Amino acid sequence: MDPVTNVLGIDKVDMGGKFILIEERPNSNAHFVLNSIIINALNKNYGICFVLFHSTFNHYHNVGMKFGYNLTMLRAEGKVNLIEPMKIIASNIQCTVDEETHKLQEADTKVTPNISSIINDSLCRTIRNGYYEMTKNNHVVIVIDDLSHLYNLGFTLRDSMYCLRYIRSLIEHDNTSQLCIVIHTYERELQSCIANVAADTLKHMAHLFVIIDSLETGYSSDMSGKITINWRIDCIRRTHNWSEISKYLYKLSDRQVKIYTSGH
């Protein structure tokens, strides 16, 4: 049994309609948690809709091969879909802005288009279309990695929340699919970093909130970091007799993750 899946509890809970948020704190890497969520979804015959801001599809394919699943083959079979927002932004931004600017100038020469809103709408439509295409044959988990790159591009918190509420509404309406978001946070004051504010906002929307953090003592040959798990649904915690917040230590190796109970 995958020890990460076991401590998360996602193998014991009906994840239909659920939203998982993974906060990746400085000097840590949350990919082992995300990979466990992907493996669990594939084992339950979910399709995977990747929305990749950070890691490439080849990265996930190579990791998957180590654990016995071939994402490239699954993609050819229609069980995996790939959306790469950076490519969408890079290839379409100029033609989109030119077209919208022309339309707006015809209507009112004093109006300037909101570029981020135009891109945001395009991204929402692309995710919606990819999601609906996959739901014809599968329940789906939408995986967004890593949301913080939107803010690196100058997007506002309002822009991103518009898109995320829209995506979450797809999941809640269907109530059989899942949403999983990874967001990297930074060592700054909460009020001065949009990614940190976004993570703090999203954790109140999530059903399962997971924090991956480094050790306070720095590098250790014995442990890789800390994982904090917060199931935010009372009835689920009561059913499985889980604490509201559970803390563990983890040790990563090339093909294995070991989980240990935290001493505090």
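# Exercises on a predicted chain

Thr185 is found in the loop between β5 and α9 (194-202); helices (H or I, at least four residues) and strands (E, at least two) are DSSP runs, numbered from the N terminus. The model is predicted, so local features need pLDDT of at least 70 and side-chain atom pairs count only at pLDDT 80 or more, whereas totals for chains, interfaces and linings use all residues. Residues are numbered from 1 along each chain as its sequence is written, and side-chain values use heavy atoms, with hydrogens and water left out.

**Exercise 1. Describe the surroundings of Thr185.**

Step 1. Start with accessibility. Thr185 has a relative accessible area of 3%, so Thr185 counts as buried (under 20% relative accessible area; exposed is over 50%, partly exposed in between; 1.4 Å probe, protein chains only).

Step 2. List the contacts (heavy atoms within 4.5 Å). Leaving out residues up to four places away in sequence, Thr185 touches Glu23, Glu24, Arg25, Pro26, Ala195, Asn196 and Ala199.

Step 3. Look for a polar contact (a pair of N or O atoms within 3.5 Å; within protein, one must be able to donate a hydrogen and the other to accept it, and residues adjacent in sequence count only if both atoms are side-chain atoms). The side chains of Thr185 and Glu23 are joined by one of 2.9 Å.

**Exercise 2. Find the residues with the most contacts inside the largest nonpolar core, and the helix that gives the most to this core.**

Step 1. A nonpolar core is a set of buried Ala, Val, Leu, Ile, Met, Phe, Trp, Tyr and Cys residues joined through side-chain atoms within 4.5 Å. The largest has 44 residues, and Ile22, Val33 and Phe50 have the most contacts inside it.

Step 2. Helix α2 (residues 31-43) gives the most to this core, with eight residues.

Step 3. Another core lies apart from the largest one; this second core has 37 residues, including Tyr151, Phe155, Met161 and Ala206.

Step 4. Return to Ile22. Not counting residues up to four places away in sequence, its contacts include Val33, Leu34 and Ile37, as well as Cys180, Val182 and Val210.

**Exercise 3. Compare the settings of Ile37 and Val182.**

Step 1. Ile37 is in helix α2, while Val182 is in strand β5 (residues 178-184).

Step 2. Ile37 is buried at a relative accessible area of 2%, and Val182 is buried at 4%.

Step 3. Beyond four places in sequence, Ile37 touches Leu8, Ile10, Ile20, Ile22 and Cys180. With the same exclusion, Val182 touches Ile22, Leu34, Ile144, Asp145, Asp146 and Leu147.

Step 4. Set sequence beside space. Ile37 and Val4 are 33 residues apart in sequence, with their C-alpha atoms 8.7 Å apart. Val182 and Val210 are 28 residues apart in sequence, with 9.5 Å from C-alpha to C-alpha.

**Exercise 4. At what angle do α2 and α3 pack, and which residues meet?**

Step 1. The axes of α2 and helix α3 (residues 57-66) are 11 Å apart, at an angle of about 70°. Axes are lines fitted to C-alpha atoms, for helices over the stretch in contact, and angles run from 0 to 180 degrees between N-to-C directions.

Step 2. α2 is therefore roughly perpendicular to α3, as angles of 65 to 115 degrees count as roughly perpendicular, under 35 as roughly parallel, over 145 as roughly antiparallel and the rest as oblique.

Step 3. From α2, His31, Leu34, Asn35 and Ile38 meet His59, Tyr60 and Val63 of α3.

**Exercise 5. Locate a cis peptide bond and two residues other than glycine with positive phi.**

Step 1. Most residues other than glycine have a negative phi, and most peptide bonds are trans.

Step 2. The peptide bond from Asp145 to Asp146 is cis, with omega near 5°. Asp146 sits in the loop between β4 (139-145) and α7 (148-152).

Step 3. Asn27 has phi near 65° and belongs to the loop between β1 (19-24) and α2. With 69% relative accessibility, Asn27 counts as exposed.

Step 4. Asn241 has phi near 55° and belongs to the loop between α10 (234-240) and β8 (245-252). Its relative accessibility is 70%, so Asn241 counts as exposed.

**Exercise 6. How many helices and strands are in the chain, and what percentage of its residues count as buried?**

Step 1. The chain has 10 helices and nine strands.

Step 2. Of its 264 residues, 51% count as buried.
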